[in-house]
Amino acid sequence: MAARRVSSLLSRCLTSSLPLSLSKGSSCGRSLSQYSTAAAIESPIIPNVEINHTQLLINGQFVDAASAQVSEGDAEDINRAVAAARKAFDEGPWPKMTAYERSRIMLKFADLVEKHRWADKIHGLTVPADGPYHVQVLHEPIGVAGQIIPWNFPLIMFAWKVGPALACGNTIVLKTAEQTPLTALYVGKLFHEAGLPPGVLNIVSGYGPTAGAALASHMDVDKTVLELAAKSNLKPATLELGGKSPFIVCEDADVDKAFVEKATQRAKRRTVGDPFKSGIEQGPQIDTEQFQKILRYIKSGMESNAKLECGGERFGSSGYFVQPTVFSNVQDDMLIAQDEIFGPVQSILKYKDLDDVIRRANNTRYGLAAGVFTKNHDTANTLSRALRAGTVWVNCFDVFDAAIPFGGYKMSGIGREKSVYSLNNYLQVKAVVTALKNPAWFLGWADKIHGLTVPADGPYHVQTLHEPIGVAGQIIPWNFPLVLLAWKVGPALACGNTIVLKTAEQTPLTALYVGKLFLEAGLPPGVLNIVSGYGPSAGSALASHMDVDKIAFTGSTDTGKIILEQAAKSNLKPVTLELGGKSPFIIDTEQFQKILRYIKSGMESNAKLECGGERLGSKGYFIQPTVFSNVQDDMLIAQDEIFGPIQPILKFKDLDDVIKRANTTRYGLAAGVFTKSLDAANTLSRALRAGTVWVNCFNVLDAAIPFGGYKMSGIGREKSVYSLNNYLQ
């Protein structure tokens with residue numbers, strides 16, 4: 001969470017800026033004792049504000065917490081909130097409303113939503129494909145979104161998360177920070193006054209280890225936090241995390257040689273005090289823990305021989321106030337240059353030239369934001385493209401318009417808040433493929449990697465650029481070794497990434513041969529690297545490697561969860577998972593015996609064996625094509641992914657029955673619908689919770705059609721223009 005309170009910079013006079021917009025007031029010279037980290041005796045600031053809501057908001061009602069007299073939510077409260085959100089999503093009106101109807105409710109609540117009209121920017125595509133098929137790509141709500149916001153900017157953080165999720169038709173369980181719960185509860189009340197249905201927005205105030213952990217790991221939440229998500233139901237996660245943002249002041253900027261002196265004098269004029277009073281620029285720190293942390297960093301800077309230009313102590317004798325502090329002569333290896341301080345501390349470093357400042361600015365585990373001050377167009381272009389950060393401000397800083405996406409590279413997060421890009425966090429991509437009879441025309445397919453120019457309030461020109469992620473680690477299975485190589489390697493190379501590809505130990509030769517052809521075609525050395533190895537050794541090393549920026553995996557759901565957990569525990573690399581599926585290929589003894597066990601299970605469960613059911617021949621791993629009828633929903637052959645030539649046949653009563661039963665599964669990779677009724681086709685193609693719905697056809701896998709699953713069938717999409725998003729920042 002940190003572009004707004006940046007702490008270290010590089011510059012001829014490079015600086016970091018937390019809240020460094022200063023005005024007249026107190027100097028840095030007032031303090032009680034240097035480096036006092038004892039808990040301050042706080043004089044509470046009591047604003048003239050009436051507080052009406054201190055409970056939890058669940059299913060449209062303000063209710064007491066389950067475990068305390070004060071409303072501190074825990075796992076039981078999270079369960080109640082998720083149940084309300086799940087019911088509101090599955091049975092309530094909110095996701096079924098049109099975008100216009102949803103926006104009408106939201107427009108009553110927020111001028112921000114009225115201005116940018118997120119809800120009517122959700123649209124899909126129609127894409128041409130080889131053959132007589134009409135292909136639609138639909139964007140559908142994910143389901144129940146779990147959201148966790150911090151104590152800083154509680155209203156803004158609420159808007160950044162709740163707005164896009166509601167606009168896309170999701171329901172929400174929001175956990176506020178334990179220090180700042182009241183803002184969200186009050187805004188939740190306004191939403192319900194605007195007509196939001198019960199259960200759509202649920203707010204739980206609680207601590208991270210109880211309420212936060214329960215929300216992140218809840219099996220009925222479809223979207224939330226990474227490592228716990230990996231250990232539960234593989235819900236996708238969006239993370240907006242810390243930063244250490246370089247603020248680069250070039251020689252030709254509108255700043256004279258006395259930069260350090262001017263920064264110091266400005267800090268000394270900064271007004272510190274009660275934030276509810278007019279003219280105050282800097283209030284107290286949030287609590288004792290943060291107050292003491294900042295003073296420890298200041299002490300570290302002085303002990304590291306950085307030059308303290310001003311500040312460096314506690315401000316006043318009570319409360320959690322810290323003097324605006326400026327250090328010069330800061331070196332790259334000092335903690336105040338490396339860590340996110342999250343307080344009023346400015347570190348100033350010098351650099352030699354553009355190559356030097358680019359290398360040093362990028363030599364960090366973070367990549368949230370950066371600032372560049374220069375009059376030179378070439379310098380601005382060079383730095384804005386070379387800096388590995390999610391936002392680069394040129395000749396401005398901390399510009400946060402709702403139309404500008406915000407989020408980080410590397411360990412500063414995954415995904416983007418604000419702008420149309422925020423909608424992607426709360427939408428699933430579904431491909432609907434319909435067979436055409438005697439089509440009048442066909443089109444070929446091409447795509448481009450492009451960004452946007454977006455309007456923003458004020459005198460700013462804003463571009464969003466799509467840039468390669470870096471080193472892409474890719475792991476492919478034994479089935480379809482050539483097709484899956486193409487699905488992964490093609491988009492990654494097209495976006496400008498380099499690749500380390502781990503093949504399946506059973507089928508390494510295809511990829512090695514294709515790699516040879518790439519080299520013959522002129523691919524530079526090191527761009528495509530192919531490693532044949534086993535999952536527990538080579539695969540695990542690749543997924544957890546700190547210099548790999550992205551993992552794309554195709555394989556089983558269980559292994560996908562391990563991959564996601566390893567990525568979370570290393571450098572928070574984003575992950576694309578394509579899981580689940582069906583294949584007629586039998587590759588080894590283990591899979592052969594597994595399929596025979598499923599056949600035996602079907603027979604023991606009293607499903608009717610119509611044909612097959614045995615080994616084919618006396619040699620090899622061949623199995624007879626097997627068909628079961630009279631299959632019930634609770635049988636293993638109806639629930640599990642068998643990955644073999646077995647067809648269970650189940651009967652259904654009507655559309656409502658088949659939708660409910662088809663969606664009652666932890667998977668959501670694909671579905672097929674055969675019908676002459678346009679209404680039935682439209683109803684089923686939208687109601688089925690699957691990444692691909694084939695209508696009057698099956699297994700159509702054109703390069704223009706995105707492929708990937710809902711729920712535990714994966715994260716992200718292979719093929720089509722959507723596959724490029726896997727390898728772009």
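Two strands count as paired here once DSSP finds at least two bridges between them. In this predicted model, strand 25 and strand 26 (residues 626-629) meet that mark with three bridges, running in the antiparallel sense. Within this pairing, K608 sits opposite S629 of strand 26. Both strands belong to an open sheet of three strands, ordered 25-26-27, in which the pairing is mixed. Strand 25 (608-611) and strand 27 (646-648) form the edges, each pairing on one side only. Going from one strand of this sheet to its neighbour, the turn is 25° on average, with direction ignored.

Another piece of strand pairing turns up earlier in the chain, between strand 6 (residues 144-148) and strand 7 (residues 171-176). Here the sense is parallel, and five bridges hold the register. One of the contacts is between V144 and its bridge partner T171 in strand 7. Strand 6 is mostly covered, with four of its five residues buried. Together with helix 4 (residues 154-167), strands 6 and 7 make up a β-α-β unit, and the unit is right-handed.

Helix 4 also brings the story round to the aromatic residues. Searching the whole structure gives twelve aromatic pairs. In one of them, the ring centres of F158 and F191 are 6.4 Å apart and the planes stand at 35°, so this pair counts as tilted. Since F158 is part of helix 4 and F191 part of helix 5 (residues 182-193), the contact ties together parts of the chain that are 33 residues apart in sequence. Neither ring has much exposure: F158 is buried, at a relative accessible area of 2%, and F191 likewise counts as buried, at 2% relative accessibility. The cut-off behind both calls is a relative accessible area under 20%.

The pair W694 and F698 is tilted too, because its planes meet at 55°, with the ring centres 4.8 Å apart. The tilted class takes in plane angles that are neither under 30 degrees, which would be stacked, nor over 60, which would be edge-to-face. W694 is another buried residue, with 2% relative accessible area.

Some of the rings do not stop at a simple twosome. W160, F247, F373, W393, F397, F400 and F406 are linked by ring pairs into a cluster. W160 falls within the 154-167 range of helix 4, so to speak of that helix is to come back to the aromatic cluster as well as to the β-α-β unit.

Technical notes. Residues are numbered from 1 along each chain as its sequence is written. This is a predicted model: local features need pLDDT of at least 70, side-chain atom pairs count only at pLDDT 80 or more; totals for chains, interfaces and linings use all residues. Side-chain values use heavy atoms; hydrogens and water are left out. Buried means under 20% relative accessible area, exposed over 50%, partly exposed in between (1.4 Å probe, protein chains only). Helices (H or I, at least four residues) and strands (E, at least two) are DSSP runs, numbered from the N terminus. A crossover is right-handed if, with the strands pointing away from the viewer, the path from the first strand over the helix to the second runs clockwise. Axes are lines fitted to C-alpha atoms, for helices over the stretch in contact, and angles run from 0 to 180 degrees between N-to-C directions. Rings of Phe, Tyr and Trp (its six-membered ring) pair if their centres lie within 6.5 Å; planes under 30 degrees apart count as stacked, over 60 as edge-to-face and the rest as tilted.
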